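Open the model in your viewer and keep the sequence panel beside it. This tour says what to select at each stop and what is to be found there.

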Amino acid sequence: MSFREFMSVYEGGKEDGWTEYLMYGEQPQLLAQDGDDKKTDFLHRLYRTVYLRDIYERNNIELKPEFEELSKTLASSVEAPVNASNIANTFKSVSKVQDIADKTVSAYLRYMQDAFLIEKAERYDIKGRKYIGSPYKCYYQDIDLRNAILSFRQNEPTHLMENVIYNEIRGRGWPIDVGNIHHCVHNAEGQQQRVTLEVDFVCNKGSERIYIQSAWRMPDGEKMEQAKRSLRLVGDSFRKLLVVGEHTKSWNDESGIQTMSIYDFLLDMASTERL
């Protein structure tokens, strides 16, 4: 379910609904489960008896414990750029298993994509207008399953909100890339350095494009400017949107960047339409 669909049946306010949705919200069957323990048990059983069984049987996986540990490693990396090599290295350092190859990791990631557990977002050089390739980002199609994989131990709202925004945009029919912008700054010694900033989502549909940045909290003007920095550097006339995880009135600054609350973005289908 989208957050909009969830709130159409949730008996409570938006803030409580958002908290519940980030933890247990995307599977419709969870609405019939009474209490956190039953919801947790349902998600664990769903992951093991449906997703894992499907992946194991269709792909003849023999290293089942290794696959599950790798799945946990990936679930911990939501929002972070990854590739088969760094996932394998992280997996080896955490699990102490040394015999898993990069090609095995690549195959496992492909199996997870085929099972509709994750989606991969490629990195796109906005100024150079080309795809960068590795590393890329992986987002979970159901964040409650991602939470279950980690036994609900890593629930960083910043990362989960970004994943929810990704799912919402994809659900509205927009293909998504992760945008990179390179520019030069001067360090403390006055030397020029080339740095890379990220635009969370570059969304394209036909001739339309939207740049979207996700920011959990904006406590002051400095944080706001940091969040908008990459959007200001884009330099084209397409729409630019900053989504924040708190209540705020929708407004546009002098650069044309629109700031909008996560509630307005998710509950209003027109939030990704041309103004």
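**Stop 1: the cysteines**

The structure is a predicted model. Begin by selecting the cysteines and showing their sulfur atoms. The count of disulfides is 0, where a disulfide needs two cysteine sulfur atoms within 2.5 Å. Why does Cys138 form no such bond? The cysteine sulfur closest to that of Cys138 belongs to Cys203, and at 17 Å it is too far for a bond. Seen from the other end, Cys203 has Cys138 as its closest cysteine, and the 17 Å between the sulfurs again rules out a bond. Now show the surface. Cys138 has 6% relative accessibility and so counts as buried. Cys203 is buried too, with a relative accessible area of 1%.

**Stop 2: the whole chain**

Switch to a cartoon view and zoom out. The protein chain has 10 helices and 8 strands. Its radius of gyration is 20 Å, close to the 19 Å from the globule rule for 275 residues, so the chain is as compact as a globular protein of that length. Along the principal axes, the C-alpha atoms fill a box of roughly 55 × 50 × 40 Å.

Of the 275 residues in the chain, 48% are buried. Among contacts with a separation of 6 or more, 56% join residues that are 24 or more positions apart. Turn on the surface for a moment: the accessible surface comes to about 13,700 Å², and carbon and sulfur atoms account for 47% of that.

**Stop 3: the nonpolar cores**

In soluble globular proteins, nonpolar side chains tend to be buried together. Select Leu43, Phe67, Leu74, Val105, Leu117, Ile118 and Tyr140, and show their side chains; these have the most contacts inside the largest nonpolar core, which has 39 residues. Which elements supply at least two residues each to this core? They are helix 3 (36-59), helix 4 (64-75), helix 5 (84-95), helix 6 (102-114), strand 2 (130-140) and helix 7 (143-149). Helix 3 gives the most, with 8 residues.

Now centre the view on Ile118. Leaving aside residues up to four places away in sequence, Ile118 touches Leu74, Leu109, Met112, Gln113, Cys138, Tyr139, Tyr140 and Gln141. Another core, of 30 residues, lies apart from the largest one. Select Met161, Val178, Cys203 and Ile262, which are among its members.

**Stop 4: the hairpin of strands 1 and 2**

Select residues 118-125, which are strand 1, together with strand 2; the two pair in the antiparallel sense over 7 bridges. Which residue of strand 2 is the bridge partner of Glu119? The partner is Tyr139. The two strands form a hairpin with 4 residues between them. In that turn, pick out Arg129, whose phi is positive at about 55°.

**Stop 5: the loop after helix 7**

Move on to Ser151 and Phe152. Ser151 lies in the loop between helix 7 and helix 8 (157-171), and Phe152 lies in the loop between these helices as well. Ser151 has phi near 55°, a positive value in a residue other than glycine. Phe152 likewise is not a glycine and has a positive phi, near 60°. Is each side chain buried or exposed? Ser151 is partly exposed, at 34% relative accessible area, whereas Phe152 is buried, at 16%.

**Stop 6: the hairpin of strands 4 and 5**

Select strand 4 (residues 192-205) and strand 5 (residues 208-215), an antiparallel pair joined over 5 bridges. At the end of the pair, Lys205 stands opposite Glu208 in strand 5. This hairpin has 2 residues between the strands, and Gly206 takes a positive phi near 60°.

Next, select Ser214, which is found in strand 5. Ser214 is buried, with a relative accessible area of 15%. Not counting residues up to four places away in sequence, Ser214 touches Met161, Glu162, Ile165, Asp200 and Val243.

**Stop 7: helix 2**

Finish with residues 14-24, which are helix 2. Which residues of helix 2 are buried? They are Gly17, Trp18, Glu20, Tyr21, Leu22 and Tyr24. To see what covers them, display the neighbouring elements: helix 1 (3-7), helix 3, helix 7, helix 8 and helix 10 (262-267) are included in that cover.

Methods: Residues are numbered from 1 along each chain as its sequence is written. This is a predicted model: local features need pLDDT of at least 70, side-chain atom pairs count only at pLDDT 80 or more; totals for chains, interfaces and linings use all residues. Side-chain values use heavy atoms; hydrogens and water are left out. Two strands pair if DSSP finds at least two bridges between them. Buried means under 20% relative accessible area, exposed over 50%, partly exposed in between (1.4 Å probe, protein chains only). Contact means heavy atoms within 4.5 Å. The radius of gyration is taken over C-alpha atoms; the globule rule is 2.2 Å times the number of residues to the power 0.38. Accessible areas come from the Shrake-Rupley method with a 1.4 Å probe; for residues, only the protein chains shown count as cover. A nonpolar core is a set of buried Ala, Val, Leu, Ile, Met, Phe, Trp, Tyr and Cys residues joined through side-chain atoms within 4.5 Å.
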